Amino acid sequence: MLAVIATAQLMVVLDATIVNIALPSAQQDLGFTDGNRQWVVTAYALAFGSLLLLGGRIADLVGRKAVFLAGLAGFALASALGGAATSFGMLVIARALQGLFGALLAPAALSLLSTTFTDPRERAKAFGIYGAVAGSGAAVGLLLGGVLTEYLDWRWCLYVNLAFAAAAMIGGWRLLHPGAPDDRPKLDVPGTVLVSAGLFCIVYGFSNAETHAWGDPLTWGFLVIGVVLVTAFAWWQTRAAHPLLPLRVLLDRDRGASFLAMFISGAGMFGVFLFLTYYMQQILDYTPIKTGLAFIPMVVVMVVISVLTTNVLVPRFGAKPVVPLGMALSAGGMVWLTALDTTSGYALHVLPPLLVFGLGLGLIFAPAMSMATSGVAAHDAGVASAMVNTTQQVGGSIGTALLNTLATSAATHYLVGKRPTPEVQAQAQVQSYETAYWWSALFFAVGFLVTFVLYRKGRPADSHLGEGAVHM
């Protein structure tokens with residue numbers, strides 16, 4: 001059962017980076033412009049990020065197994081449509097549909113994990129593996145995308161989802177329980193409209209900032225509207241008879257700390273996945289496959305540490321020392337990466353900070369996901385799981401936009417008054433990556449302070465972790 005859920009989660013997570021590797025080939029094949037290229041990524045992020053809370057509540061209403069299987073089937077069909085795309089518009093529509101069905105699939109998968117594994121030891125193992133998959137999926141996507149694009153065709157970066165979905169559907173149909181609570185909640189229609197529109201505007205605003213100036217009306221206009229709508233949603237949740245996101249889900253200290261940990265790590269981790277990928281391909285001249293392989297040691301460390309964290313460290317010490325330590329190590333890894341230059345090598349200069357960063361993420365993701373969904377009543381499990389994905393997705397959108405803008409500004413500033421020789425251009429790129437690493441380190445430093453202050457002291461047994469689903 002765990003393998004089924006983890007396979008589905010891997011498919012959703014790796015899709016964010018596997019398509020990035022395929023974009024240049026897809027652009028050449030379908031003939032769309034550089035300006036339109038961003039929409040292949042943005043269409044997925046918009047649908048996924050804005051519909052996650054609705055998808056989580058639908059899982060609570062309809063039943064998690066049914067929504068999980070429907071999400072898998074829809075994601076597979078959308079992937080097939082994208083792989084067969086004959087035009088730019090067809091590819092963008094397919095990516096939006098992937099995001100829509102991913103918003104059904106991701107919270108259903110996590111809520112199934114949360115409600116199925118209630119025994120503390122089993123739960124620790126399950127969330128250790130699940131957290132490792134969620135954290136390392138982006139790196140796996142880079143490797144798989146490179147292999148498929150180089151040896152087959154860019155379309156296989158989408159077709160490969162059919163194999164993942166088929167395996168997960170067969171296993172899910174046979175092994176998963178229906179998962180629908182007896183006391184099903186009612187759908188909060190006004191809240192759904194407010195938060196979906198608000199998140200759409202926020203994700204669109206930050207996505208637009210990646211290709212346009214922050215002063216562009218579409219950027220700040222959508223961001224302002226998004227903040228207003230999300231604020232209105234928060235106000236409505238205090239008055240709605242059947243709120244989409246009940247305050248009882250948010251107000252627990254450990255759960256709130258976990259949501260913030262996912263948000264901050266989602267923003268900060270793009271400093272390594274995005275800009276270190278650029279560094280290895282543009283400065284070290286690595287192929288896409290070699291770049292993906294370079295991330296594998298980090299993935300291995302993440303998997304091992306995630307399982308160790310949830311099975312040994314959190315049961316013994318609690319989340320308070322573990323997650324803040326992960327934030328501190330991640331910040332340290334990012335600071336270490338700022339020492340990279342045009343003469344650096346992989347083994348001596350890239351690998352050590354990459355391993356430290358993997359160690360840090362391994363200490364963050366698994367316990368944060370487990371704590372974020374622990375102790376939630378059965379009829380709130382879907383929406384609590386959706387919040388985990390929403391915070392990570394929105395954090396990633398914000399982090400990508402901010403880091404891209406800051407990195408571009410740093411490169412432009414470095415080139416002022418200099419002749420644009422190849423050496424100077426390369427140094428400007430390194431300068432931009434260094435800026436992104438520093439800001440990512442700052443994100444994780446803030447995460448250290450937030451999680452250190454908010455998480456309760458003591459082992460989970462002293463609070464509510466591992467007790468199964470209870471009413472708050």
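**Exercise 1: Cysteines**

How many disulfides does the count come to?

*Solution.* Keep in mind as you work that this is a predicted model.
Step 1. Recall the rule: a disulfide needs a pair of cysteine sulfur atoms within 2.5 Å.
Step 2. Apply that rule, and the count comes to zero disulfides.
Step 3. Look at where two of the cysteines sit. Cys-157 has a relative accessible area of 1%, and Cys-201 has 8%. Buried means under 20%, so Cys-157 is buried, and Cys-201 counts as buried too.

**Exercise 2: Salt bridges**

Find out how many salt bridges the structure holds, and then sort out which partners belong together.

*Solution.* Here is the idea behind the search: side chains of opposite charge can pair when their charged atoms come close.
Step 1. Start with the total: the structure holds three salt bridges.
Step 2. Take Arg-155, which forms a salt bridge with Asp-29; their closest N and O atoms are 3.2 Å apart. This pair links distant parts of the chain, since Arg-155 is in the loop between helix H5 (120-151) and H6, while Asp-29 is in helix H1, 126 residues apart.
Step 3. Check how covered each partner is. Arg-155 counts as buried at 18% relative accessibility, whereas Asp-29 is partly exposed at 42%.
Step 4. Move on to Arg-456 and Asp-252, whose side chains meet in a salt bridge with an N to O distance of 3.2 Å. Arg-456 lies in the segment after H18 and Asp-252 in the loop between H9 and helix H10 (253-268), so this pair ties together parts that are 204 residues apart in sequence.
Step 5. Now turn to Asp-254, whose side chain meets that of Arg-456 in a salt bridge (3.0 Å, N to O). Asp-254 is in helix H10 and Arg-456 in the segment after H18, so the pair links parts of the chain 202 residues apart.
Step 6. Put these pairs together: salt bridges that share partners join Asp-252, Asp-254 and Arg-456 into one network.
Step 7. Compare with accessibility. Arg-456 counts as partly exposed at 30%. Asp-252 is buried, with a relative accessible area of 8%, and Asp-254 is buried at 2%.

**Exercise 3: A patch on the surface**

Which helix gives the most to the nonpolar patch?

*Solution.*
Step 1. List the members: Val-335, Trp-438, Trp-439, Leu-442 and Val-446 form a nonpolar patch on the surface. Together they have about 430 Å² of accessible area.
Step 2. Match the members to helices. Helix H18 (residues 422-454) gives the most, with four residues.
Step 3. Zoom in on one member. Val-446 lies in helix H18 and is partly exposed, with a relative accessible area of 40%.

**Exercise 4: Empty space**

Describe the second largest pocket and the second largest cavity, and name the helices that line each of them.

*Solution.* Rolling a probe the size of a water molecule over the atoms shows where empty space is left.
Step 1. Begin with the pocket. The second largest pocket has a volume of about 400 Å³. Its lining is made of 19 residues, and nearest its centre lie Val-195, Leu-199, Val-230, Phe-233 and Met-387.
Step 2. Name the elements that give two or more residues to this pocket's lining: helix H7 (189-209), helix H8 (217-237), helix H9 (247-250) and helix H17 (381-415). H8 gives the most, with six residues.
Step 3. Go on to the cavities. The structure holds three cavities of 30 Å³ or more, and about 50 Å³ of space lies in the second largest one.
Step 4. Read off its lining, which includes Val-19, Val-40, Leu-91, Arg-95 and Trp-154. Helix H1 (2-30) and helix H4 (88-116) are the elements that give two or more residues to this lining, and H1 gives the most, with four.

**Exercise 5: A distance across the model**

Is Ala-163 buried or exposed, and what distance separates its C-alpha atom from that of Ala-445?

*Solution.*
Step 1. Locate Ala-163 in helix H6 (residues 156-175).
Step 2. Use the cut-off: exposed means over 50%. Ala-163 has 52% relative accessibility, so this residue counts as exposed.
Step 3. Turn to the pair. Ala-163 and Ala-445 are 282 residues apart along the chain, and their C-alpha atoms are separated by 39 Å.

Methods. Residues numbered from 1 in each chain as written. Predicted model: local features only at pLDDT ≥ 70, side-chain atom pairs only at ≥ 80, totals over all residues. Heavy atoms only, no water. Buried < 20%, exposed > 50% of the residue type's maximum accessible area, 1.4 Å probe, protein only. Patch = residues over 30% accessible without salt bridge, like charges linked within 9 Å, V, L, I, M, F, W, Y side chains within 5 Å. Areas by Shrake-Rupley, 256 points an atom, 1.4 Å probe, with all protein chains shown as cover. Salt bridge = Lys/Arg side-chain N within 4 Å of Asp/Glu carboxyl O. 1 Å grid on protein atoms, 1.4 Å probe; cavity = no way out; pocket = protein on both sides within 12 Å on 5 of 7 lines; lining within 4 Å. Points joined across faces, edges and corners; volume = space filled by probe spheres on them.
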